[in-house]
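Here are some notes on the model you sent round, set out point by point so that each can be checked against the coordinates.

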Amino acid sequence: MKVLIFGAARDIIGKRELDFPLPTNPSVKSFRENIFKEFPELKKLNALAFAVNEEYANDDDVLKNQDVVALIPPVSGG
Amino acid sequence: MKKNIHLSAEPLEIGTCRDFASGNSNGAECIFIGTVRNATDGRTVHQLHFECYESMAMKEMDKIAGKALEQFEISAIAIHHRIGTLAIGDIPVIIAVGAAHRGAAFSACQFAIDTLKESVPIWKKEFFEDGEVWVSAHP
């Protein structure tokens, strides 16, 4: 799965983009657990939301290999 | 009913936003201009850097404009946001709303900027004398 990484999350991971394996149980919740396991520093963020194909995702949304997932740290536009 | 969404590294234009929101049926135009402030919690800010998830940010801003047109009695709304490096006094965001009456124009403008700050994937980094920080990212 292609993963896009922004803002403070990118500073932690050190990359703008990652290829990350689809979780065995392909839910957003499992993906969250796996990415936090791989990059424990992400827990230091105030919050971390996920987008799938440019839409905010819920924990129980199901992922597919061709989805584009984005890590969305707290937004601060305006 | 019309909406105009714009995301750019170039300086934003107040006149362009106002022109879009203007119309003969309007009795009010409300324009919110966000500006870069020189301090945060007493610390001097030298510049800001904005980055975004462009395709999703455009979608989210479009949703906000659509909701504003649905929820308030307005005729048009423009939402323009700038990205890249900005200096003190520069304009990162403009929201212009046209409406028959001022109440709806004020309300829609407030709704749009409040929602933008909550949901649009744009991130701001503040540069201080002694370091830099992504706003709101850490406790």
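The points below take up chain A as a whole, then its sheet, its contact with the other chain, and one residue of chain B.

1. Please keep in mind throughout that this is a predicted model, and that the values quoted here are computed from it.

2. On secondary structure, chain A contains two helices and five strands, and, read from the N terminus, these elements follow one another as β-α-β-α-β-β-β.

3. On overall dimensions, the radius of gyration of chain A is 12 Å, which agrees with the value near 12 Å that a compact globule of 78 residues would have. Along the principal axes, the C-alpha atoms of chain A occupy a box of roughly 30 × 25 × 20 Å.

4. On packing within chain A, 31% of its 78 residues are buried. Among the contacts with a sequence separation of 6 or more, 54% are made by residues that lie 24 or more positions apart.

5. On the sheet, the five strands of chain A are arranged as an open sheet in the order 2-1-5-3-4, with mixed pairing. Its edges are formed by strand 2 (17-19) and strand 4 (55-56) of chain A, each of which pairs on one side only. Within this sheet, strand 1 (residues 2-5) and strand 5 of chain A run parallel and are joined by four bridges; in strand 5, the residue that stands opposite A:V3 is A:V69.

6. On the contact between the chains, 17 residues of chain A are in contact with 25 residues of chain B. Helix 1 (7-13) and strand 5 (68-72) of chain A each contribute at least two residues to the side of chain A that touches chain B, and that side is made up, by class, of 10 nonpolar, five polar and two charged residues. Strand 5 of chain A therefore deserves a look from both directions, since it pairs with strand 1 of chain A in parallel and also supplies residues to the side that touches chain B.7. On chain B, B:K3 is placed in strand 1 (residues 2-8) of that chain. Is this residue buried or exposed? B:K3 counts as partly exposed, because 18 other C-beta atoms lie within 10 Å, whereas 20 or more would be needed for a buried residue and 12 or fewer for an exposed one.

8. On the surroundings of B:K3, leaving aside residues up to four places away in sequence, B:K3 touches B:D62, B:A65, B:G66, B:L69 and B:I77. One of these, B:G66, is 63 residues away from B:K3 in sequence, while the two C-alpha atoms are 7.3 Å apart in space.

Key: Residues numbered from 1 in each chain as written. Chains lettered and ligands numbered in written order. Predicted model: local features only at pLDDT ≥ 70, side-chain atom pairs only at ≥ 80, totals over all residues. Rg over C-alpha atoms; globule rule 2.2 N^0.38 Å. Contact = placed C-beta atoms within 7 Å. Nonpolar A, V, L, I, M, F, W, Y, C, P; charged D, E, K, R; others polar. Pairing = 2+ DSSP bridges.
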